[in-house]
Amino acid sequence: MNRKILLIEPAYKNKYPPLGLMKISSYHKMLGDEVIFFKGKSKELREIKWDRIYITTLFSFYWNMTIDTIKFYKRSVKKTKNFYIGGIMASIMADEIFNEIRIKPIVGLLDKPRMLNDNNDIIVDHVVPDYDILEEIDYTYPAGNAYFSYTTRGCVRRCPFCAVPKLEPKYKNYISIKEQIKQIDKKYGHKKNLLLLDNNVLASKHFPRIIEEIKEIGFYKGAKVQHPVKFNLLIERLQNGENNNKLLQKISNLLKDQPLYIKNEVAKNNYLKLLEQFDLLNGISREQLLRIEHELIPYFDKYRNKAYGLKYVDFNQGVDPRLVTEEKMKLLSELPISPLRIAFDSLEPKYKKRYIRAIELAAKYGIRNLSNYILYNWDDDTPEDFYNRLKINTDLNSNLDVRIYSFPMKYIPVINRNRNYIGPYWNLKYIRAIQKVLLVTGGAVMPEKSFFEKAFGKDLQEFHKIMLMPENYIIDRIKHEKNGDTKKWWNILMSLSKSKEEYDNVIKKIESKDFSIEDKKYSKKIPGVMRHYLNK
Ligand code: SF4
């Protein structure tokens, strides 16, 4: 068919590559189309008239950037009906996007045939993702070198703060990943890590079968892997009939870089002579390579990174503590899981009990590297709940000899167009204070008790004091404690507490980050407090 296809991901920062676009790329390449992937806006690509453009979307708070990117490319497609918008935000806010762009997005997964209006029965969601496109862009996804897959889809729960029930409304108990991993290995080489994007794997009726399959594909405890020989894989692809400029370019780059890895001088000279003899430095063709590959391959087999690395499995959306049982934890412990992410979303007594039990079971079965997202700022959550959940983790670390890394995650409703949302029990100052505390550690609350107590306070009283602290004093805690600023600020603030009205008024102002000092209604001490916030 040979259509020209453009795949676009807006320029937001993200950890995981766009799996949907990777599958769409494979789908079009299977049909003989030419595919280009780009992240962000390119004037050059906008000038071309494409047969199809696909734009993925992520979170609703990237609304402005996403809509701007869509508008940027909208006129670059030959027919508007061939402009496709999909992904998370597009599925949740399909009507809003239609009102803005006049194009109806694809809602949910491409899990049925003919959803892209082609005359074939291929189900896009089932095809092997195209890892090649990730090398076409300058952006590096932090989680790039992994198999990305699902062993289940959807979720059995309907948590009010979550988008999954809308995106994947039906729970699918089992998806075999064996064949897909085999195909990825064959085409792109072994990956070190297995990243499973299941929303609630423990709800599956086939959980033991899922664990068995993960072990069968090589992710058992202690499993190691060597870097694949990229050159050999690419030659194999040529042998299997693939022939395109991008593939040849990749091979050409490897041929030119290989002398850097050949440590033996005689071998290096022989290799360079070979390149010269067959004129491989000035452009290569498939035929030419297939004629001499057997002479080149030994240089790549011998001179390469031969180190072994441990393999890891990561259920990156976390497991549901309410569904943890001794049997399931035992099964999880048979995998090289690191970390095991266990959700800790609520302090409701039943939930808390199940969460603590899940951590105890993890410790019992030797899973010590644990992690969880601590959702805060949502409708039922208070700052005290947030602090108490972190404290429970710190106590579990000490009592059970585990290491739980907590990642506080600010709740934003799934349809908000920016990140400004403040939950009913929260305020702007506290939210900013948490972000400042976490600046030092890149977002994680370290497992050490000493870290937690310094960062968030020994008790709730200290926690509130830190939350109210001027931001500079939070970031540069030691400096301002030593030079006495923190003490002066606290003393003057506390001196206001003699008058409840005055104290409540100043706290209200601080919580809303209103540090103005014009208000003459109250005592002169208020400007004294506010000066600490104004950095004067
Ligand atoms: S259990 Fe997790 S995935 Fe399922 S609805 Fe709740 S938050 Fe979403």
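Here is a short exchange about a predicted model and the words used to describe it.

Me: What makes up the protein chain, in helices and strands?
Reply: The protein chain has 23 helices and 12 strands. It has 536 residues, and 31% of them count as buried. Its C-alpha atoms fill a box of roughly 90 × 55 × 55 Å along the principal axes. Take the contacts with a separation of 6 or more: residues 24 or more positions apart account for 74% of them.

Me: Why is aspartate 345 called buried?
Reply: Count the C-beta atoms around it. Aspartate 345 has 24 others within 10 Å. The cut-off for buried is 20 or more, so the label fits. Aspartate 345 sits in the loop between strand 10 and helix 14. Tyrosine 376 is 31 residues away in sequence, yet the C-alpha atoms of the two residues are 8.2 Å apart.

Me: Why is aspartate 279 called exposed?
Reply: Aspartate 279 has 10 other C-beta atoms within 10 Å. Exposed means 12 or fewer, so aspartate 279 qualifies. Its place is the loop between helix 11 (265–277) and helix 12 (286–302). Its phi is positive, about 55°, although aspartate 279 is not a glycine.

Me: How do you know that aspartate 401 is exposed?
Reply: By the same kind of count. Aspartate 401 has 9 C-beta neighbours inside 10 Å. The limit for exposed is 12 or fewer, so aspartate 401 counts as exposed. This residue lies in the loop between helix 15 and strand 12. Aspartate 401 is not a glycine, but its phi is positive, about 55°.

Me: What makes glycine 189 partly exposed?
Reply: Glycine 189 has 18 other C-beta atoms within 10 Å. Buried needs 20 or more, and exposed needs 12 or fewer. The value for glycine 189 falls in between, so the label is partly exposed. Glycine 189 lies in the loop between helix 7 (178–188) and strand 6 (193–196).

Me: Which residues is glycine 189 in contact with, leaving aside its neighbours within four places in sequence?
Reply: Pro228, Lys230 and Leu233. The C-beta atoms of each such pair lie within 7 Å. Asparagine 232 is 43 residues from glycine 189 in sequence, and their C-alpha atoms are 9.5 Å apart.

Me: How do you know that the span of helix 15 is close to the expected one?
Reply: Helix 15 covers residues 383–400, which is 18 residues. It reaches 26 Å from its first C-alpha to its last. At 1.5 Å a residue, 26 Å is expected. The two values agree closely.

Me: Which residues of helix 15 are buried?
Reply: Pro383, Phe386, Tyr387, Arg389, Leu390, Asn393, Thr394, Leu396 and Asn397. An α-helix has 3.6 residues a turn, so residues three or four places apart point the same way. The buried residues of helix 15 pack against several elements, including helix 14 (349–364), strand 11 (369–376) and helix 16 (428–439).

Me: Why are helix 9 and helix 10 called roughly antiparallel?
Reply: Look at the angle. The axes of helix 9 (residues 230–239) and helix 10 (residues 245–257) cross at roughly 150°. Angles over 145 degrees count as roughly antiparallel, so the two helices earn the name. Their axes come within 10 Å, and the crossing is left-handed. Lys230, Phe231, Leu234, Arg237 and Leu238 of helix 9 meet Leu247, Lys250, Ile251 and Leu254 of helix 10. These residues divide into 6 nonpolar, no polar and 3 charged.

Me: What makes helix 21 and helix 23 roughly antiparallel?
Reply: Helix 21 (residues 485–495) and helix 23 (residues 525–533) have axes that cross at roughly 150°. The cut-off is over 145 degrees, so this pair counts as roughly antiparallel. The axes come within 9 Å. Helix 21 passes helix 23 in a left-handed crossing. The contact is made by Asp485, Trp489, Ile492, Leu493 and Ser495 of helix 21 with Lys525, Gly528, Val529 and His532 of helix 23. They divide into 4 nonpolar, 3 polar and 2 charged.

Me: Why does Gly528 not count as nonpolar?
Reply: Gly is among the polar residues by the definition used, so Gly528 of helix 23 goes with the polar ones in this contact.

Me: What is the peptide bond from serine 338 to proline 339?
Reply: That bond is cis, with omega near -5°. Proline 339 is in the loop between helix 13 (326–332) and strand 10 (340–341).

Technical notes
Residues numbered from 1 in each chain as written. Predicted model: local features only at pLDDT ≥ 70, side-chain atom pairs only at ≥ 80, totals over all residues. Helix = DSSP H or I, 4+ residues; strand = E, 2+ residues; numbered from the N terminus. Expected span 1.5 Å × (residues − 1). Contact = placed C-beta atoms within 7 Å. Axes fitted to C-alpha atoms, helices over the stretch in contact; angles between N-to-C directions. Parallel < 35°, antiparallel > 145°, perpendicular 65-115°, else oblique. Left-handed = near helix turned anticlockwise from the far one by under 90°.
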